[in-house]
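Reader: Hey, I've just opened this one and don't know my way around yet. Can you walk me through it?

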Amino acid sequence: MTRNEILEAAKEIIYESVPELEGKPLDESTVINTDTGIDSMGFTLIMCRLEARFDTKIPDRQWQKLATLGDVVSAFEKRMPKA
């Protein structure tokens, strides 16, 4: 899976999880909590859905280091099997 495919899947899950963000542009520089207003519970929901979608676990201790959407994409990209 390419980085762009991971990004698009992440955006899809964010829009599904937080419908009021639909139509708001999201990119790798989007700061999750300040630019989107997603709180810690919303972030947990999104991360759990991403882990399920990609069948990949991100260690909980790393979650606090994920500030931007690009950080989230990188975390999954590093753990995805290479094609």
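Author: Sure, let's begin with one lysine. Lys 57 has a relative accessible area of 52%, and the cut-off for exposed is over 50%, so Lys 57 counts as exposed. Keep in mind that this is a predicted model.

Reader: Okay. Which residue does Lys 57 form a salt bridge with?

Author: Glu 51. The closest N and O atoms of the two are 3.8 Å apart.

Reader: And is Glu 51 buried or exposed?

Author: Glu 51 is buried, at 11% relative accessibility. Buried means under 20%, so Glu 51 falls in that class.

Reader: How many salt bridges does the structure hold?

Author: Six. One of them is between Arg 3 and Glu 28, with the closest N and O atoms 2.6 Å apart. That pair links distant parts of the chain, 25 residues apart. Arg 3 is in helix H1, which covers residues 3-17, while Glu 28 is in the loop between H1 and helix H2 (32-36).

Reader: What about exposure for those two, Arg 3 and Glu 28?

Author: Arg 3 is partly exposed, with a relative accessible area of 25%. Glu 28 is partly exposed too, with 30%.

Reader: Which other salt bridge involves helix H1 and links distant parts of the chain?

Author: Try Arg 53 and Glu 12. Their side chains meet in a salt bridge at 3.3 Å, N to O. Arg 53 sits in helix H3 and Glu 12 in helix H1, 41 residues apart. Arg 53 counts as partly exposed, at 43% relative accessibility, and so does Glu 12, at 37%.

Reader: Back to Lys 57 and Glu 51 for a sec. Remind me of the distance there?

Author: For that salt bridge, it's 3.8 Å between the closest N and O atoms. While we're on salt bridges, some of them share partners: Arg 3, Glu 28 and Glu 77 are joined that way into one network.

Reader: Nice. New topic: how many aromatic pairs are there?

Author: The structure holds two. In one of them, the ring centres of Phe 43 and Trp 63 are 6.0 Å apart and the planes are at 90 degrees, so this pair is edge-to-face.

Reader: Why does that pair tie together parts that are 20 residues apart in sequence?

Author: Because Phe 43 lies in helix H3 (residues 40-54) and Trp 63 lies in helix H4 (residues 60-63). Both Phe 43 and Trp 63 are buried.

Reader: And what's the pair formed by Phe 54 and Phe 76 like?

Author: That aromatic pair is tilted, with 55 degrees between the planes and 5.3 Å from centre to centre. Phe 54 is in helix H3 and Phe 76 is in helix H5 (residues 69-79), so to speak two distant parts of the chain, 22 residues apart. Both Phe 54 and Phe 76 are buried.

Reader: Last one: where is Lys 11 found?

Author: In helix H1. Lys 11 counts as buried, at 16% relative accessibility.

Reader: Which residues is Lys 11 in contact with, leaving aside neighbours within four places in sequence?

Author: Leu 26 and Leu 69. With Leu 26 there's a polar detail as well: its backbone oxygen lies 3.4 Å from a polar atom of the Lys 11 side chain.

Reader: Great, thanks!

Methods: Residues are numbered from 1 along each chain as its sequence is written. This is a predicted model: local features need pLDDT of at least 70, side-chain atom pairs count only at pLDDT 80 or more; totals for chains, interfaces and linings use all residues. Side-chain values use heavy atoms; hydrogens and water are left out. Rings of Phe, Tyr and Trp (its six-membered ring) pair if their centres lie within 6.5 Å; planes under 30 degrees apart count as stacked, over 60 as edge-to-face and the rest as tilted. Helices (H or I, at least four residues) and strands (E, at least two) are DSSP runs, numbered from the N terminus. Buried means under 20% relative accessible area, exposed over 50%, partly exposed in between (1.4 Å probe, protein chains only). A salt bridge is a side-chain nitrogen of Lys or Arg within 4 Å of a carboxyl oxygen of Asp or Glu. A polar contact is a pair of N or O atoms within 3.5 Å; within protein, one must be able to donate a hydrogen and the other to accept it, and residues adjacent in sequence count only if both atoms are side-chain atoms. Contact means heavy atoms within 4.5 Å.
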